[in-house]
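Hi,

Here is the structure I said I would pass on. Have a look at it first, and my notes follow below.

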Amino acid sequence: MFDFENIVIGAGLIGSAAAKYLAESSSTTLLVGPEEPLNYADSEIFASHYDNSRVQRLVGTNDAWTRLNIESQQEWLKLEQQTGRKLFSNSGTLYVAPTQDDYLVEVQNRANDFGVKYELVNSTDDLAKIAPEYNFSSDFFGYFEPDQAGSINPREILKAQKEIFSKNSGSYSTQVITDVQRYQNGWQVTTPDGATISAKNVLISAGSFSNFNNLLSKKLDIKVKTEVIVLAQVTESVALSLSHLPALLYEIYVEDFDGIYLVKPEKYADGNWYLKMGLNQSIDMYCTQLTELSNWFTSDQHKSYLLVLQRELVKLLPDVKFESFTTKPCVISRTSNGNPYIDKVDEGLYVATGCNGYSAMSSDAQGRVAAHLIINGSYPTGYSHADFQAKFLN
């Protein structure tokens with residue numbers, strides 16, 4: 001006898017979605033993972049969903065990402081009705097690059113294939129109709145999704161997923177899992193205090209922490225990279241004047257940074273309004289040990305990243321008055337194939353991880369794919385093993 005049919009390790013956006021779908025299938029399911037820490041210094045495990053705003057777009061870099069995005073967006077609207085929580089803001093998403101990159105070459109055909117509305121934005125006149133506040137320093141090419149795109153609230157999504165999970169008799173523990181071992185014809189997980197819990201199936205969805213502790217006997221081929229975001233405070237009047245501002249993905253590559261993403265101001269728990277921006281910096285680090293990653297979140301190293309963030313934000317929005325700038329540490333995990341790993345890695349043992357910087361907007365569908373694989377032994381219609389095959393380090 002097992003304690004549960006399923007244990008989901010990792011109570012973030014993907015893990016909570018997978019647990020929800022498993023519980024909806026009438027399977028006894030335990031979701032286990034710590035809550036957002038009140039004090040980073042008191043924690044060892046962290047996540048990047050501790051936020052009120054993330055980009056939501058529809059057309060991704062390939063068909064699998066696009067389908068995941070669209071299905072998740074449809075679910076946000078359903079979850080809003082079910083829980084009464086505000087999860088999504090429809091201000092559109094703008095993708096811009098200084099050249100016709102691979103994404104822009106393919107995006108029109110992919111948008112047409114999936115029935116996504118779009119507009120091309122290839123001049124300052126085009127930009128002025130959508131977001132005159134943005135300033136791009138060089139010639140640019142752009143693609144704009146005006147409908148069912150914009151921003152999502154990860155904190156509210158997580159609460160909504162857990163509410164539905166709980167209504168379907170799901171069980172939740174805030175413990176950390178430090179070990180996963182074969183047990184009879186299933187699996188046994190262990191907490192730091194030595195307590196054990198058993199299940200027929202275990203799904204490891206611990207984000208950038210999936211390779212740490214002793215969750216997997218073989219390490220996934222993922223690169224865990226630090227990242228820093230800036231929360232730029234604005235007054236409420238400025239925030240409301242920017243309520244139309246599309247989320248931005250700016251694929252610019254220069255010496256000290258690349259890949260800007262930006263989301264319009266949202267109101268946070270402290271009552272203030274913050275616009276969020278992030279990018280990859282040349283001084284970002286790769287973490288191969290749990291101690292390295294934990295130290296990244298608990299130290300103040302991220303403060304040294306503000307110079308580039310503030311400089312580029314002011315360039316992008318030169319006419320916006322900012323009150324203050326605050327940095328926060330984040331992390332992303334990059335897989336070897338650019339897609340998430342959602343796979344069966346042993347009998348009864350599964351993974352769903354590898355965000356590649358895109359998983360918040362597609363997290364519900366990723367969780368559904370993982371749950372479908374566990375329940376049915378196959379991928380849902382439209383997906384294949386090739387889309388999500390896990391790769392391991394030698």
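Are D51 and K276 buried or exposed? Keep in mind while you look that this is a predicted model. Both turn out to be buried, D51 as well as K276. Their side chains meet in a salt bridge, with 2.5 Å from N to O. What I like about this pair is where the partners sit. D51 belongs to the loop between β2 (29-32) and β3, while K276 is in strand β16 (residues 273-281). That puts them 225 residues apart, so the contact links distant parts of the chain.

D51 also turns up in the lining of the largest cavity, so let me go there next. The structure holds 2 cavities of 30 Å³ or more, and the largest has about 60 Å³ of space. Apart from D51, its lining includes Y40, A47, S48, Y50, I229, L231, Y268, K328, P329 and C330. Two elements give two or more residues to this lining, namely β13 (222-234) and β18 (324-335). β18 has the largest share, with 3 residues. By class, the lining divides into 8 nonpolar residues, 1 polar and 2 charged.

The second largest cavity has a volume of about 30 Å³. Around it you will find R57, G60, T61, W65, N69, Y358 and M361. Here the classes come out as 3 nonpolar, 3 polar and 1 charged.

Then there is a pocket worth opening in your viewer. The second largest pocket holds about 220 Å³ of space. Y40, Y50, L231, Y268 and K328 are among the residues that line this pocket, and those names also appear in the lining of the largest cavity. The rest of the pocket lining is E36, N52, R155, A269, D270, Y274 and T326. Its residues fall into 6 nonpolar, 2 polar and 4 charged.

Back to the charged pairs. Side chains of opposite charge can pair when their charged atoms come close. In this model the count comes to 20 salt bridges. Besides D51 and K276, I looked at two others. E266 forms one with K264, and their closest N and O atoms are 3.1 Å apart. Both E266 and K264 are buried. The side chains of E323 and K321 also meet in a salt bridge, at 3.1 Å from N to O. Why do E323 and K321 fall into separate classes of exposure? E323 has 38% relative accessibility, so it counts as partly exposed. K321 reaches 54% relative accessibility and therefore counts as exposed. There is also a network: R85, E156, K159 and E163 are joined into one by salt bridges that share partners.

Last, a small sheet detail. An open sheet of 3 strands runs in the order β3-β8-β4, and the pairing is antiparallel. Its edge strands are β3 (54-56) and β4 (88-89), each of which pairs on one side only. β3 pairs with strand β8 (residues 150-152) over 3 bridges, in the antiparallel sense. If you want a spot to start from, R54 has I152 in β8 as its bridge partner.

I would begin with D51 myself, as this residue is in the salt bridge with K276 and also in the lining of the largest cavity. Tell me what you make of it.

Cheers

Note on methods. Residues are numbered from 1 along each chain as its sequence is written. This is a predicted model: local features need pLDDT of at least 70, side-chain atom pairs count only at pLDDT 80 or more; totals for chains, interfaces and linings use all residues. Side-chain values use heavy atoms; hydrogens and water are left out. On a 1 Å grid over the protein atoms alone, a cavity is a set of points where a 1.4 Å probe fits but cannot get out, and a pocket is an open set with protein on both sides within 12 Å along at least five of seven lines; lining residues have an atom within 4 Å of a point. Grid points are joined across faces, edges and corners, and a volume is the space filled by probe spheres set on the points. Ala, Val, Leu, Ile, Met, Phe, Trp, Tyr, Cys and Pro count as nonpolar, Asp, Glu, Lys and Arg as charged, and the others, Gly among them, as polar. Two strands pair if DSSP finds at least two bridges between them. Helices (H or I, at least four residues) and strands (E, at least two) are DSSP runs, numbered from the N terminus. A salt bridge is a side-chain nitrogen of Lys or Arg within 4 Å of a carboxyl oxygen of Asp or Glu. Buried means under 20% relative accessible area, exposed over 50%, partly exposed in between (1.4 Å probe, protein chains only).
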